[in-house]
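Biologist: Hey, I'm new to this one. Can you pull it up and walk me through it?
Modeller: Sure, here it comes.

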Amino acid sequence: MTRGQYVIKENVLVADRTWKLTLAGDTSALRRGGQFVNIAIDGFFLRRPLAATMWDGEGFCVFYKTVGKGTQVLSTKQPGEILDALVGLGNGYDASACRESALVVCGSLGASPTFTLVRDLVASGKKVEVILGFTGAADVILEKEYEALGAKVTVMTEDGSRGRKGLVTDAMPEGGYDFFYTCGPLPMMKAVCQKAICDGEASLEERMGCGCGICYGCTCHTNKGPRRVCADGPVFKKEDIVW
């Protein structure tokens, strides 16, 4: 983990209440897709944990929804302003767990944490199928970006306004993959884990205090006992999760 001052390069609305925030600064602590950053917002005691979507040697970007006062304030920040952030938090997805073919299933903003994972899987020669689920067309993010990586992409919307109508589980294949990865609402991930034919990993979400394992405020129950989502996760193996 590193703490630094990051300069806003871009903060733009890309979907319904969904923003893409690009920050310039040190990214040396980011190593795996699924890790997150914790951003301080003026006037709020707790930082906001956001998944690191993609990064390079110059900076990183995150996607977030305006769901509360903190993210509403964040959406008003302009290029050139500086944000204090803890970067490289949590344990990400294990790309090496996939032998040949991976299934990646995402719901809504859950499309963000798995992006670098898919990039790494494709770069290592793995076959990757991505299923993205949203409420409607106005919520869709990262579809074209996933396709540009070389993954097979299926978009599902509950109202049928984009892609296929239905839930992400409706698009899950009966076979053809040896490991799966998922991120999104808990009910969705539970259904994905139940339907998947093999081992996999899911990224959990809890309200966080410190974000780095000190306060134990985000502790969840697992088959291996209590675990901190921020430090022991947020990514957990399918067999360890207690739904």
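Modeller: What follows is a chat about a sheet, a hairpin and two pockets.

Modeller: This is a predicted model, where local features need pLDDT of at least 70, side-chain atom pairs count only at pLDDT 80 or more, and totals for chains, interfaces and linings use all residues. Residues are numbered from 1 along each chain as its sequence is written, and side-chain values use heavy atoms, with hydrogens and water left out.

Biologist: Okay, what's the strand order in the open sheet of seven strands?
Modeller: The order is β10-β9-β8-β7-β11-β12-β15, with mixed pairing. Strands are DSSP runs (E, at least two residues), as are helices (H or I, at least four), numbered from the N terminus. Two strands pair if DSSP finds at least two bridges between them.

Biologist: Which strands are at the edges?
Modeller: β10 (164–165) and β15 (235–237), each pairing on one side only.

Biologist: And how many bridges join β12 to β15?
Modeller: Three, and the two strands run antiparallel. A202 has F236 in β15 as its bridge partner.

Biologist: What does helix α5 touch on the sheet?
Modeller: Helix α5 (residues 186–195) packs on the sheet against β7, β11 and β12. Touching here is contact, meaning heavy atoms within 4.5 Å. The direction of α5 makes about 170 degrees with that of β11; axes are lines fitted to C-alpha atoms, for helices over the stretch in contact, and angles run from 0 to 180 degrees between N-to-C directions.

Biologist: Switching topic: how are β13 and β14 joined?
Modeller: By a hairpin through two residues. β13 (residues 219–222) and β14 (residues 225–228) pair in the antiparallel sense over four bridges, and H221 has P226 in β14 as its bridge partner.

Biologist: Now pockets. What's the volume of the largest one?
Modeller: About 1,000 Å³. A pocket is an open set of points on a 1 Å grid over the protein atoms alone, where a 1.4 Å probe fits, with protein on both sides within 12 Å along at least five of seven lines; lining residues have an atom within 4 Å of a point. Grid points are joined across faces, edges and corners, and the volume is the space filled by probe spheres set on the points.

Biologist: Which residues lie nearest its centre?
Modeller: P49, L50, L109, E205 and E206, out of 34 lining the largest pocket. β4 gives the largest share of that lining, four residues.

Biologist: And the second largest pocket, what lines that?
Modeller: The second largest pocket has 16 lining residues, with E158, L167, V168, P185 and M188 nearest its centre. Helix α5 gives the most to this lining, three residues.
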